[in-house]
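Subject: Handover of a structure and notes on its contents

Dear colleague,

Please find the structure below, together with its sequence. I should be grateful if you would read the notes with the model open beside them.

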Amino acid sequence: MGDEPNKGGIPHPSVFVEKRRLELIKGYVVHESRTPSKQVRVVTPSQTVGPFFPAALVGPGEDDLACKVPGGARALGTPIVVSGQVFDEAGKPVRGALVEVWQANKWGKYEHPVDQTPEPIDPNFKGYGRMLTDAEGRYRFRSIKPGAYPNPGYDNWMRPPHIHYSIFGAGVMQRLITQVYFPREALNDIDPILNGVEDLDARASLIARELPAQHAGFDAETLAFGFDIVLRGSGETPFFVDP
Ligand code: FE
């Protein structure tokens, strides 16, 4: 059966060597340039966001991924609270940054039409949220710990539990995308996306810190994690970027 052709699937990135492998991992999915080779229209130039990025974009309850209605029934799974600070390259907190997060439910299922895995959808799990950082650059959200899931294509390797992040705000010209992982997860060690970050310190910075349970401010079952984000400089958080 070893000679059976791969039924149209993309081989796991580990079968590729060095640069080709990293290109595949860093791209995560096939990348297409925003600029066509034959230009038919003038590309709209980027301009600064300016200082007045609207704070009113975020409404109440949007920092809770584990219920669909504020105060409503909660999603199944281990409750978690993730908090942290956003810093600029000088180590100064970034206030008013828009932090958006999304993740799979406790069974590793996204409520998204592209997710065709057979795992159940949790009717009480929203799975996405957003918040603005305060004057100290702090953000905080409630959720449940996401499950691992098979990555479609790439021979369905199991992605470790993770939360997707997008950061945007005044002074940021292009939103920054990354993923945060959980400590002591065996799948972290073999995940090509996490391990595609070559710098070991940078890679380690994507693993959330375990915080004392009381940090969560809820019951003893709620796990607390910390994840700080550095927008640029020598300690910057690894982000996915256009090649
Ligand atoms: Fe994911």
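The notes below cover the overall fold, the iron site, the aromatic pairs and a few individual residues.

This is a predicted model, in which local features need pLDDT of at least 70 and side-chain atom pairs count only at pLDDT 80 or more, while totals for chains, interfaces and linings use all residues. Residues are numbered from 1 along each chain as its sequence is written, and side-chain values use heavy atoms, with hydrogens and water left out.

Overall fold

The protein chain holds 2 helices and 11 strands; helices (H or I, at least four residues) and strands (E, at least two) are DSSP runs, numbered from the N terminus. In sequence order the pattern is α-β-β-β-β-β-β-β-β-α-β-β-β. Of the 243 residues in the protein chain, 39% are buried. Here buried means under 20% relative accessible area, exposed means over 50%, and partly exposed lies in between (1.4 Å probe, protein chains only). Among contacts with a separation of 6 or more, 69% are between residues 24 or more positions apart, where contact means heavy atoms within 4.5 Å.

The iron site

Which residues supply the protein donors of the iron ion? They are Tyr-110 (OH), Tyr-149 (OH), His-162 (NE2) and His-164 (NE2), at 2.0 to 2.2 Å from the ion. Donors are N, O and S atoms within 2.8 Å of the metal (3.2 Å for Na, K and Ca); water is not among the atoms, so sites may look incomplete. Along the chain, the donors of the iron ion have the spacing Y-x38-Y-x12-H-x1-H. Tyr-149 in strand β5 (residues 149–150) and His-162 in strand β7 (residues 162–168) are 13 residues apart, and the pair links distant parts of the chain.

The arrangement is irregular because the 4 donor atoms subtend angles of 92 to 149 degrees around the iron ion. Under the criteria used, four donors count as tetrahedral if all angles lie between 85 and 135 degrees; four count as square planar and six as octahedral if opposite donors are over 155 degrees apart and all others between 65 and 115; anything else is irregular. Three of the donor residues can also be placed by accessibility. Tyr-149 is buried at 7% relative accessibility, His-162 is buried at 1%, and Tyr-110 is buried with a relative accessible area of 17%.

Aromatic pairs and charges over rings

The whole structure contains 7 aromatic pairs. Rings of Phe, Tyr and Trp (its six-membered ring) pair if their centres lie within 6.5 Å; planes under 30 degrees apart count as stacked, over 60 as edge-to-face and the rest as tilted. One of these pairs is Phe-53 with Phe-168, which is edge-to-face because the ring centres are 5.4 Å apart and the planes stand at 80 degrees. Phe-53 is in the loop between α1 (18–27) and β1 (79–87) and Phe-168 is in strand β7, 115 residues apart. Phe-53 is buried at 17% relative accessible area, whereas Phe-168 is partly exposed at 21%.

The rings of Tyr-110 and Tyr-149 are also edge-to-face, with centres 5.3 Å apart and planes at 80 degrees. Tyr-110 lies in the loop between β2 (98–102) and β3 (128–132) and Tyr-149 in strand β5, so this pair ties together parts that are 39 residues apart in sequence. Elsewhere, ring pairs join Tyr-139, Phe-141, Tyr-165 and Phe-227 into a cluster.

The charged end of Lys-145 sits over the ring of Phe-182, 5.5 Å from its centre. A charge sits over a ring if NZ of Lys or CZ of Arg is within 6 Å of the ring centre and within 35 degrees of the ring normal.

Individual residues

Asp-191 is in the loop between β8 (176–181) and α2 (200–204) and is buried, with a relative accessible area of 0%. Its contacts, not counting residues up to four places away in sequence, are Trp-157, Arg-159, Pro-160 and Tyr-181.

Leu-65, in the loop between α1 and β1, is buried at 0% relative accessibility. Leu-65 and Gly-127 are 62 residues apart in sequence and 5.0 Å apart in space, C-alpha to C-alpha.

With kind regards
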